[in-house]
Amino acid sequence: SGGDSVVTLLDYGAGNVRSVRNAIRYLGFDIKDVQCPEDILNANRLIFPGVGAFAAAMNVLNQKGMAEALCTYIQSDRPFLGICLGLQLLFESSEENGPVKGLGLVPGVVGRFDSSNGFRVPHIGWNALKIESNSGILDDIGGRHVYFVHSYRAMPSNDNKDWISSTCNYGDNFIASIRRGNVHAVQFHPEKSGVVGLSILRRFLQAKHYGVQRPIEREASKLAKRVIACLDVRANDRGDLVVTKGDQYDVREHTKQNEVRNLGKPVELAGQYYKDGADEVSFLNITGFRDFPLGDLPMLQVLRYTSENVFVPLTVGGGIRDFTDGNGRHYTSLEVASEYFRSGADKVSIGSDAVYAAEEYLRTGVKTGKSSLEQISRVYGNQAVVVSIDPRKVYVKNLDDIEFKAVRVKVPGPNGEEYAWYQCTVNGGREGRPIGAYELAKAVEELGAGEILLNCIDCDGQGKGFDIDLIKLISDAVSIPVIASSGAGAVEHFSEVFRETNASAALAAGIFHRKEVRRVISTGTQGSINGSHEVQGC
Ligand code: 1PR
C-alpha cells in the first residue's frame, strides 16, 4: 500500500530499530508500520530488521500470524530486505538457545561462531564482503567493508548456494547476504555502515532493475580495526551539556574560575566525526555516576538527534545502574539502558557498576544474574554491552607484594619499580577498588560483556601513546573484542597499538577535538571509503 515513496517496516517490538527508521527517512522515504498480517501482504516494499533473540522473534511472528504472511510475501517474489536476524529467520532453524525452527525458506541451520580458533565472538566490526553471484543491491560493493555485529551465522552449502549473493570471512566463510529475484537479506547492518550502507539501502528502496554483476575488482580482506571517536559529555556549571576532555580525568580548566573545559556541542561534533569517517561514535556521560541519567534528559535528546544523521554504531555510557529518585521511584539499570537504546544507542557502556558486579562475582563465585551487566546482556544480547574499565597504574617492587596480575614495565617506576598492576577505579577515577584490570576483564567476560573499553587514567589526554603493556595484557586475556583507549596523540599511535597488541579497535578523544581528526580517522574503515586504509588486519 502507499505510493512509491512509502516503505513498509516490520518492527515486532523486540528492540531498537530506530536507526533503520532514521536511515529510511534520511533517504527520503516514508514508513508504514506493519500492524497486522495484511499489511505485509499489501506492502510494495518490505524491510524486516530482525532484533533480539531468534526464538523470541519466531514466537512473536507466529503469535501474530505474521510468519505465514511473510512466507507468502517472499515466495511471491515481492521486494523484501531482511537485516541481521531478518536474514537468519529465513533459514530452517537456529542453534541460538535451540534448536529453534525458523521460517524455512532457505535451506540451512544458523549456528554459533566458533571462538576456539582464536576469533573473538561476537563478530563486531567492519568486515569485507566477497560478492558470490548477481547480488543486485550489492553491485560494486565487493571488497568494501560493512558493519557486522552478531554471534550466530548461516553457512554456505550445496543446498543454499543458489541463494548466496555474498560471503564474508571470520574464521568461517559465512553467508553475508542472500538474494533471489526481489528478495534480499543481509547479515550486516546497512543502517550502520556509513556511506556504503546507505547506498545499499538506497538501491533497495529505489527498486531498480539490477544489471549483470560486474567483476569483483577489490580483493576481500579481513576484519578491519576500528577507529572510534569518543565524546566525554557533562553539564557545565551553567547547566549546558558540553563535550569536555580531561587530562588524567581532570576536566576543569586551571584558571581562577576552574570551569569545565568546553570543546563544543555533542550532536554537532558527533556529526562532524561521522562525516570525517569515524567507524563508531561513543558518548560517555561522565557525571552519570552521581547524576541520574534519566533525570538528565538532554543526554537522551543528544542520542535522538545524533542518530538521525550518524549512520555508524553509537555507544553511550555513564550512570547505568539501579537508581531511586527523590520521589522514591525505583529504576532498574535495565530501564536506564532501555531508554538509551530507545533513544538511538546501539550499545551501552557500564563502568562503576561492572566493577562492583565483578568484585562480588569473584568473592562468591556465583553469577546472580542480577547485575546490570547480566540483565542487559540477557535482554539485548552481549554485543550490546560494553564494559568500560578506568584503571590507574600502580608500581610495585616485587611481584609477591600484590595479589593481582602485574606486568613487567618497559619504563621503571619513580622508585625504580620494575612491575606494575592496574587498579580499577569507580566514579570517574575518584575511588580505587581492590581489583585489577586483568581480573575485572576476565570476570566481566564471564558475566556477559560483549566488549571491553580499556581506558588508562595515567595516559588519558597525554597524547603520548596508548599503554601498550596494559592493552596487551587485557587483549590477550579475553576472547571478546578490546577497545584500546587513552593517550592517542598521533597517527602512529594507532598503528602501534594495532601492531603490538590484539586490540580490535582504538578509541580517542583529544586528538579529534584538536582537529587532527581527518588524518587519523582516515586510517579507520569508514575513512577508507575516501582514501587510504593504512591500519588493517586482525
Ligand atoms: O561509572 O558507569 O557511570 O561510567 C562513567 C563513564 O565515564 C566511564 O566510562 C568512565 O570511563 C567515564 N569517565 C568518568 N569520568 C571521566 C573523566 O574523564 N573525568 N571519562 C570519564 C573517561 C576516558 C576516555 C577518553 C579516553 C581518550 N574518559 O573516554 O575519552 O581516555 O582520551 P584521549 O584520546 O584524549 O587520551 P559509570
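What is the volume of the second largest pocket? In this predicted model, the second largest pocket has a volume of about 720 Å³, and the legends below take up its lining after that of the largest pocket.

**View 1. The centre of the largest pocket.** The largest pocket holds about 1200 Å³ of space. Its lining is made up of 49 residues, and those that lie nearest the centre of the pocket are Gly52, Tyr380, Gly381, Asn382 and Gln383.

**View 2. The elements and domains around the largest pocket.** At least two lining residues of the largest pocket come from each of helix H1 (18-26), strand S3 (46-50), helix H5 (85-88), strand S10 (145-150), helix H11 (372-380) and helix H12 (437-447), and the largest share, 5 residues, is supplied by H11. Because domain 1 (6-206) and domain 2 (226-529) both contribute residues to this lining, the largest pocket lies between them. Sorted by class, the lining of the largest pocket consists of 21 nonpolar, 17 polar and 11 charged residues.

**View 3. The second largest pocket.** With a volume of about 720 Å³, the second largest pocket is lined by 46 residues, among which Asp232, Tyr249, Leu284, Ile286 and Asp390 are the closest to its centre. Two or more residues of this lining are given by each of strand S15 (226-235), strand S17 (280-285), strand S21 (347-350), helix H10 (352-364), strand S29 (505-508) and helix H15 (510-521). When the lining residues of the second largest pocket are divided by class, 14 are nonpolar, 21 are polar and 11 are charged.

Technical notes: Residues numbered from 1 in each chain as written. Predicted model: local features only at pLDDT ≥ 70, side-chain atom pairs only at ≥ 80, totals over all residues. Heavy atoms only, no water. 1 Å grid on protein atoms, 1.4 Å probe; cavity = no way out; pocket = protein on both sides within 12 Å on 5 of 7 lines; lining within 4 Å. Points joined across faces, edges and corners; volume = space filled by probe spheres on them. Helix = DSSP H or I, 4+ residues; strand = E, 2+ residues; numbered from the N terminus. Nonpolar A, V, L, I, M, F, W, Y, C, P; charged D, E, K, R; others polar. Domains from an automatic or database assignment.
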